Amino acid sequence: EGDTEMDSKKTGGGSVILQSLKPLNATVLIGLSLNLEITLEGKLPEDAQEHVARYGKNLVKAVDHIPATPGTPAIFRVTTLDGNEFTIPCDGQSEMAAGSSVNVAFVLRALGISDVGIIGAVGEGSGASSLIPALEPTISSMLLYKSEGTSRTITVRDPSGGGSTLLCAKKPYHLGPKVLDQLAGATPNVLVLTGVKPMDMVAARSLYKSSAKVRAIMPHASLLRDDAGCVVFKKELLPKTDLLQLNAEEAQLLLGDQTPFEPESIRRISELGPQMVIVTMGANGAVLMEKDGEPEIVKAFPSDKVVDTSGIGDTHFATFINYRWLRQPQLSLVHCLTMAGWIASRKVAQIGPWAGIPSKEDREVMIANILAKEK
């Protein structure tokens, strides 16, 4: 397939592979949530603010960019899952590589893991030409699959800078048999799948055939709402999963519960087959359970200020993976969970999905303090 810096080939199924070095033997291989994040500048009209607050990131079907015509501003047309449409004016904007995969990759880099590969589908007009230069300085290798859909995330920031709301939309994509064979032949030490949606399940199943030593997964809420996708997720992926991380809402969806998640409910998730389960519970901390073990709860760390919660679950996920499987010497599971909670609490004080990661010196001091409390 070649190892050129920018290789483009047709596959048997008609997909186009855009790749900048091969990532399939990276120490950590991350997918499949990848998109171009567009941060809108300026104050939103009141009606648009109401729509953004109502729908958020999990209830959007499509985000289409309508270019400006002479004398009119550009707009984004948002189509929601319940069939409504609304528009967001675009007076000014900035772009950056985004998605859970990018968040996890950048957090791992900040924690000192340099050999990180990233994979994902990018659509026509979604900015593959922007994504590659945005990722290359940090990501050691990429494999991007070009599809017909557009992968775009709209970030609307409060004018005061206090927090963000994401409107996410990713259209279906097709991977040909040669691409799927490449995925199945991957040889990373750690395979990390984040933000997995129903449309990603074909790629996810192929990646789970790879020889990865560790498989960690964090599904998107839409997968857990999709009856067919959720059945495959439970039957085919979870029994082969080393780490499953969910938030409390996703845990309810997986279990089909209407009642609020309780820490003891993690036993029922563990019975689905993963070797280890983490459920993050916001201000109530996080609970972890190993297969055939007992639930362990770590309290949340207070944060001096909460500026931006975007990417907090990705930060928690990446930090736990780092201290459990990538850092030597390994920490105990509870200590890994403690570090994940602490670093996530530091992240929310900064704007950006991977900002605010403490320095190596601060992290080592924290580890020393945690270990000292055991003596």
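Select the cysteines to begin: the structure holds zero disulfides, and this is a predicted model, as should be kept in mind at every stop that follows. Two of the cysteines are worth displaying individually, namely Cys230, which is buried with a relative accessible area of 6%, and Cys336, which at 0% relative accessibility is buried as well.

Now zoom out to the whole chain, in which there are 12 helices and 18 strands. If you colour by accessibility, buried residues make up 55% of the 375 residues. Contacts between residues 24 or more positions apart account for 66% of the chain's contacts that have a separation of 6 or more.

**Stop one: the start of the strands**

Select Gly31 and Leu32 and look at the backbone between them, where the peptide bond is cis and omega is near 10°. Leu32 belongs to strand S3, which covers residues 28-32. From there, move to Val122 in strand S9, residues 116-123, a residue that counts as buried because its relative accessibility is 1%, below the 20% cut-off. A distance drawn from the C-alpha atom of Val122 to that of Ser33 comes to 9.8 Å, although these positions lie 89 residues apart along the chain.

**Stop two: helix H2**

Select residues 100-110, which form helix H2. Nine of the 11 residues in H2 are buried, and the helix is thus mostly covered; the buried residues are Ser100, Ser101, Val102, Asn103, Val104, Ala105, Phe106, Val107 and Leu108. Just after H2, Gly112 adopts a positive phi of about 100°.

Keep H2 displayed and add H10, residues 312-326. The axes of H2 and H10 come within 9 Å of each other and cross at roughly 45°, which makes H2 oblique to H10. The crossing of H2 with H10 is right-handed. To see the contact itself, show the side chains of Ser100, Asn103, Val104, Val107 and Leu108 in H2, which meet Asp314, Thr315, Phe317, Ala318, Thr319, Asn322 and Leu326 in H10. Sorted by class, the contact of H2 with H10 has six nonpolar, five polar and one charged residues.

**Stop three: Thr315**

Centre the view on Thr315, which sits in H10. Is this residue buried or exposed? Thr315 is buried, because its relative accessible area is 0%, under the 20% cut-off. Leaving aside residues up to four places away in sequence, Thr315 touches Val107, Ile343, Ala344, Lys347, Pro353 and Ile357. Val107 is one of the H2 residues in the contact with H10, so a selection of Thr315 and its contacts leads back to the previous stop and, through Ile343, Ala344 and Lys347, on to the next one.**Stop four: H10 against H11**

Add helix H11, residues 333-347, whose axis comes within 8 Å of that of H10 and crosses it at roughly 145°. The crossing of H10 and H11 is right-handed. On the H10 side the contact is made by Ile312, Thr315, His316, Thr319, Phe320, Tyr323 and Arg324, and on the H11 side by Leu333, Cys336, Leu337, Met339, Ala340, Gly341, Ile343, Ala344 and Lys347. By class, the contact of H10 with H11 has 10 nonpolar, four polar and two charged residues. Cys336, displayed at the outset as a buried residue, is among the H11 residues in this contact.

Before leaving these two helices, select Gln328 and Pro329, which are joined by a cis peptide bond with omega of about -5°. Pro329 lies in the loop between H10 and H11.

**Stop five: H11 against H12**

Hide H10 and bring in helix H12, residues 360-374, whose axis comes within 11 Å of the H11 axis and crosses it at roughly 140°. H11 and H12 are therefore oblique to each other, and their crossing is right-handed. The residues to show are His335, Thr338, Met339, Trp342, Ile343 and Arg346 of H11, together with Asp362, Arg363, Met366, Ile367, Ile370, Leu371 and Glu374 of H12. By class, the contact of H11 with H12 has seven nonpolar, two polar and four charged residues.

**Last stop: Asp292**

Finally, select Asp292, which is found in the loop between strand S17 (286-290) and strand S18 (296-298). Asp292 has a positive phi of about 65° although it is not a glycine. With a relative accessibility of 76%, Asp292 counts as exposed.

How values were computed:
Residues numbered from 1 in each chain as written. Predicted model: local features only at pLDDT ≥ 70, side-chain atom pairs only at ≥ 80, totals over all residues. Heavy atoms only, no water. Disulfide = S-S within 2.5 Å. Buried < 20%, exposed > 50% of the residue type's maximum accessible area, 1.4 Å probe, protein only. Helix = DSSP H or I, 4+ residues; strand = E, 2+ residues; numbered from the N terminus. Contact = heavy atoms within 4.5 Å. Axes fitted to C-alpha atoms, helices over the stretch in contact; angles between N-to-C directions. Parallel < 35°, antiparallel > 145°, perpendicular 65-115°, else oblique. Left-handed = near helix turned anticlockwise from the far one by under 90°. Nonpolar A, V, L, I, M, F, W, Y, C, P; charged D, E, K, R; others polar.
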